[in-house]
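Subject: Structure handover

Dear colleague,

Please find the structure below. My notes on the overall fold and on one helix come after it.

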Amino acid sequence: MRYQLTVEYDGTDFHGWQVQAGARTVQGEIEAALARLLGHPVRVAAAGRTDAGVHAAGQVVAFSSSVAIAPDVVRRALNALTGADLAVSAVAYADDAFDPRRAARSRRYVYRIWNRRPASPFWRRFAWHVPAALDIEAMARAAPLLEGEHDFSSFRAAGCDAAHPVRRILRSAVVVDGALLRYEIEATAFLRHMVRNIVGTLVEIGRRQRPHDVGPLLAARDRTQAGATAPACGLCLEEVRY
C-alpha cells in the first residue's frame with residue numbers, strides 16, 4: 001500500500017527535513033515512528049526538503065508498506081509516537097506511483113516578520129523580529145515584480161544543486177496584519193534559500209537601503225547583489241498543490 005500524509009511541524013528544534021546521522025530531523029522522526037508501527041524499516045519522500053528551523057503547515061509525505069493499516073489508524077498512531085512539535089493532520093491512500101515532489105504543481109510558502117520594537121513572545125519562534133520601521137509600501141511594490149518566469153541566480157544559495165536557476169513564481173505579495181507582515185509566495189519550484197534571500201532583499205528595500213525595482217537584481221544574476229539571507233524561523237511551507 002502507498003500512503004499520503006499531510007504533516008505539520010515546528011522546525012525550531014529540528015535539523016531540517018532530511019535524515020542526518022546524530023541529529024533530530026523531521027524525516028528521521030517520521031521514519032522511526034513508522035518503523036515502530038509497521039514492524040519494518042520505512043523510507044519516506046516529501047514534497048520539499050525544509051532547512052533547519054523552517055516550519056511546515058502543509059508538508060506532503062508519502063511511503064509504501066506491505067502492511068495494510070487503515071489511514072486513520074496510521075494518523076493516530078504517528079501522532080502518538082512523535083513529539084509534540086510534529087503532527088500528522090491527514091492520511092490517505094495514494095497511487096503506487098505517487099511521488100509528492102514530482103507530482104506537485106506548486107508550493108506555497110509564507111514568511112512572517114514581526115515589525116514592532118518590542119519582541120513578541122508569541123511569534124519569536126515563527127517570525128523574524130525586525131524592530132526598525134519599514135517602508136511597507138515600497139516592499140509591496142517590489143514583491144509582484146518577481147512574478148513570472150525568471151533566472152533567480154541572484155537569490156540562489158551557494159551549494160544549491162538545482163540543474164538550472166530558472167523558476168516561475170505564480171504569486172509574490174506582502175500582506176500587512178498589524179505588526180505582523182507576511183510575505184506570501186507560490187511557485188512551481190524553488191531554489192535553495194530562494195525565499196529567505198528574497199525576504200532579506202525586501203527588508204533592505206523596506207529599510208530604504210535599495211530601490212524597490214528588483215529588475216536589475218534579476219538581470220545581474222549575481223547573488224552578491226541581493227540582500228542577506230533572512231533567518232529560518234520566519235519561513236513556513238503552507239501548502240503543496242497537486
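What radius of gyration does the protein have, and what would a compact globule of 242 residues have? The protein has 19 Å, which agrees with the value near 18 Å for a compact globule (taken over C-alpha atoms; the globule rule is 2.2 Å times the number of residues to the power 0.38).

This is a predicted model: local features need pLDDT of at least 70, side-chain atom pairs count only at pLDDT 80 or more, and totals for chains, interfaces and linings use all residues. Residues are numbered from 1 along each chain as its sequence is written, and side-chain values use heavy atoms, with hydrogens and water left out.

The C-alpha trace spans about 55 × 40 × 30 Å along its principal axes. The protein has five helices and 10 strands (DSSP runs numbered from the N terminus: H or I of at least four residues, E of at least two). Buried residues make up 50% of the 242 (buried: under 20% relative accessible area, 1.4 Å probe, protein chains only).

Helix H1 covers residues 26–38 and reaches 18 Å from its first C-alpha to its last, close to the 18 Å expected (1.5 Å times one less than its number of residues). At the N-terminal end, Thr-25 caps H1, with a side-chain oxygen 3.0 Å from the backbone nitrogen of Gly-28. After H1 comes Gly-39, with a positive phi near 80°. Among the buried residues of H1 are Ile-30, Ala-33, Leu-34 and Leu-38. The cover over the buried residues of H1 includes strands S1 (2–9), S3 (55–64) and S4 (86–94) and helix H2 (71–81).

Regards

Terms used
Contact = heavy atoms within 4.5 Å. Polar contact = N/O pair within 3.5 Å; in protein donor to acceptor, adjacent residues only side chain to side chain.
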